Amino acid sequence: MSAYTASVVEGRPLKIQRLEELLSRGLPVPPLLAVAPGEPDRSPAIDELLADGPVIVRGALAGEDGPRTSAAGLSVSIASCRDSEAVSAAMGSVDAWAKS
C-alpha cells in the first residue's frame, strides 16, 4: 500500500477522519477546513472560518498521518491570514511549495 492510499480512506484524508473521531468523542478540535488541490471554490466556508479571527493555512504531505508514519509539521504553514485574499495567497504559496 502506498503512502497516499494509506493516508486516504473512503475518499477522505486519514487526518480528517481522526479529527472527526475526536470531535465525535467530545474532545476539543479547532475549527478546520480541508481543501484539496482542484476542489471547487470554498470561499463561503473560508469566510465563515475568518469570522472567528485569523487562520493558519498549512500544507499536508501524503501519508503524513499514516498508520506507521508521522511527518506532521514538515510541510509549510502560513499563520495570521486575516482575510480571504491572504488565505488565497497562502494557498498559492503552499501549492507552489508542494510542487517544488
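**Exercise 1.** Which residues line the second largest pocket? Work from the predicted model, then describe the lining by residue class and by element.

*Solution.*
Step 1. List the lining: V35, E39, P40, D41, R42, S43, I46, D47, S84, V87, S88 and M91.

Step 2. Sort the residues by class. Val, Ile, Met and Pro count as nonpolar, whereas Asp, Glu and Arg count as charged. The lining then divides into 5 nonpolar, 3 polar and 4 charged residues. The polar group includes S43, S84 and S88, and the charged group includes E39, D41, R42 and D47.

Step 3. Assign elements. Two or more lining residues come from each of α3 (43-50) and α4 (84-99). The largest share, 4 residues, belongs to α4.

Step 4. Add the volume: the second largest pocket holds about 170 Å³ of space.

**Exercise 2.** In what order do helices and strands follow one another along the sequence?

*Solution.*
Step 1. Count the elements: the protein has 4 helices and 4 strands.

Step 2. Read them along the sequence, which gives α-β-β-α-α-β-β-α. In this pattern, a helix stands at the start and another at the end.

**Exercise 3.** What percentage of the residues counts as buried, and what do carbon and sulfur atoms supply of the exposed area?

*Solution.*
Step 1. Apply the cut-off for burial, under 20% relative accessible area. By that cut-off, 22% of the 100 residues are buried.

Step 2. Take the surface. The protein exposes about 7,000 Å², and 58% of this area is supplied by carbon and sulfur atoms.

Step 3. Turn to contacts. Among those between residues at least 6 apart in sequence, 41% join residues at least 24 apart.

Conventions. Residues numbered from 1 in each chain as written. Predicted model: local features only at pLDDT ≥ 70, side-chain atom pairs only at ≥ 80, totals over all residues. Heavy atoms only, no water. Buried < 20%, exposed > 50% of the residue type's maximum accessible area, 1.4 Å probe, protein only. Contact = heavy atoms within 4.5 Å. Areas by Shrake-Rupley, 256 points an atom, 1.4 Å probe, with all protein chains shown as cover. 1 Å grid on protein atoms, 1.4 Å probe; cavity = no way out; pocket = protein on both sides within 12 Å on 5 of 7 lines; lining within 4 Å. Points joined across faces, edges and corners; volume = space filled by probe spheres on them.
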